[in-house]
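Hi,

Here's the structure I promised to pass on. Have a look at it first, and my notes follow underneath.

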Amino acid sequence: MKGLAVEAAWEPRAGYRVSEFERRTGKAVTGNSVWRHPKLRFVDVAEGPPGPKEVRLRPRACGVCGSDVHFYETDPDGYMLYPGLTKFPTIIGHEFSGEVVEAGPEVQDLRVGDPVTVEEMIWCGECVPCRNGWPNQCLNLEEIGFTIPGAMADQLVVGAKYCWPIGALMKTYGTAEAGFEAGALCEPTSVAYNGMFVRAEGFKPGGIVAVYGTGPIGFAAIALARAAGASKVVAFEVSPFRRELAKKVGADEVHSPVELEKAGSSPHEVLMDASHGAGADLQVEAAGAMNRTVPEMEQALAIGGKIVIIGRAAERAPMYLESFQTHAAQVYGAQGHSGYGTFQNVIRLMASGRVDLRPIITSRYPLAQANAAVEKASKRQDGKVMIKMA
Ligand SMILES: [Zn+2]
Ligand SMILES: [Zn+2]
């Protein structure tokens, strides 16, 4: 049994104070301040039996996420780029679907052979934030493929309560293979759903939605905005290839911020034009470039406009708060995808055919070439790079 692991050296940057939590758990809260000289390597996967309420899965499809790429890429000092919670070494891969191959004795709702997709956030259900209904802010959070073994492997064991059946996707898409691919897209789609509809509480049908950055989260945001009744979805993306894909998944207009600038324009001017001066009702940050996107967003706010921050970046963004006062506007921070019916609703949307993100899958690799898949994704020429297990 093999899986692709990230290994890195625990070398906190000069000036970074390692907290008591980090020392005790071995988890870095700010990964890019701690992990140095990361390497990808195939390792053996531990093969214990599943616990009473766990299942063993055979992954069938696993997407390469921007986070996986940020584990592998480094800054000039050799520190990995990913800024979040991490514990290495671990096997990576958290956007996946698979088949149940073994179920613990107390597992109620899953049977051997069931196809499932899985939450990446392993919330404990017992800490105060979990008990108060904030599973994505769990204090004892583990994350599949970040702090515990992930799915770029030929097997993994997970709690049954984090699994969601995807038999309906097999029916909609005609084959198990296509269903597993769609199933592997549920996690990033749920991240966009959580930000837009759980945290920011959505927009009214007919509203105008702007999406900054069309990586997989941005694509999902576009498709969800369309499914939720936006009258116009406007996206901004630097890659020409991704701009084409953004149209395929439902964007009405897609602009290059670089070309806009050359032409003496800007995203906010485009949005004010597209909305006849009314501004955008919901703006989604999925670029992880807040110091550039937020100043545009605040100039394109509708009255009561909302901004949701889903992209990640360990940096500050300038904000002119006066605009938020005059527009009765709001910024929402979002992370994760658990709770609130999110996975269930995303699977339903995909099964209904109202959201179909499979066109974003532009490269496919076998598990034995998972490292090449991460490298390919780092070139940023793809929509989604997918690893397929036979
Ligand atoms: Zn991800
Ligand atoms: Zn918790």
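Start with the zinc ion (ligand 1): in this predicted model, its protein donors are Cys65, through SG, and His94, through NE2, at 2.1 to 2.3 Å. The two donors come from distant parts of the chain, 29 residues apart. Cys65 sits in the loop between β3 (54-63) and α2 (66-72), while His94 is in the loop between β4 (90-91) and β5 (95-103). Are these two buried or exposed? Cys65 counts as buried because its relative accessible area is 14%, under the 20% cut-off. His94 is buried too, at 2%.

Next, have a look at Thr117, which you'll find in strand β6 (residues 115-118). Its relative accessible area is 0%, so Thr117 is buried. What does its side chain reach? That would be the backbone oxygen of Phe96, at 2.8 Å. If you skip the neighbours within four places in sequence, Thr117 is in contact with residues including Phe96, Ser97, Tyr162, Trp164, Phe343 and Ile347. Cys186 is also one of its contacts, and that residue belongs to the buried set of helix α6.

That brings me to α6 itself, which covers residues 186-199 and bends by about 30° at Tyr193. The helix is mostly covered, with twelve of its 14 residues buried. Tyr193, where the bend falls, is one of those buried residues, and others among them are Glu187, Pro188, Asn194 and Val198. After α6 comes Glu201, which has a positive phi, near 60°.

Shout if you'd like to go through any of this together.

Cheers

Notes. Residues are numbered from 1 along each chain as its sequence is written. Chains are lettered from A and ligands numbered from 1 in the order in which they are written. This is a predicted model: local features need pLDDT of at least 70, side-chain atom pairs count only at pLDDT 80 or more; totals for chains, interfaces and linings use all residues. Side-chain values use heavy atoms; hydrogens and water are left out. Helices (H or I, at least four residues) and strands (E, at least two) are DSSP runs, numbered from the N terminus. Buried means under 20% relative accessible area, exposed over 50%, partly exposed in between (1.4 Å probe, protein chains only). A polar contact is a pair of N or O atoms within 3.5 Å; within protein, one must be able to donate a hydrogen and the other to accept it, and residues adjacent in sequence count only if both atoms are side-chain atoms. Contact means heavy atoms within 4.5 Å. The bend at a residue is the angle between axes fitted to the seven residues ending there and the seven starting there. Donors are N, O and S atoms within 2.8 Å of the metal (3.2 Å for Na, K and Ca); water is not among the atoms, so sites may look incomplete.
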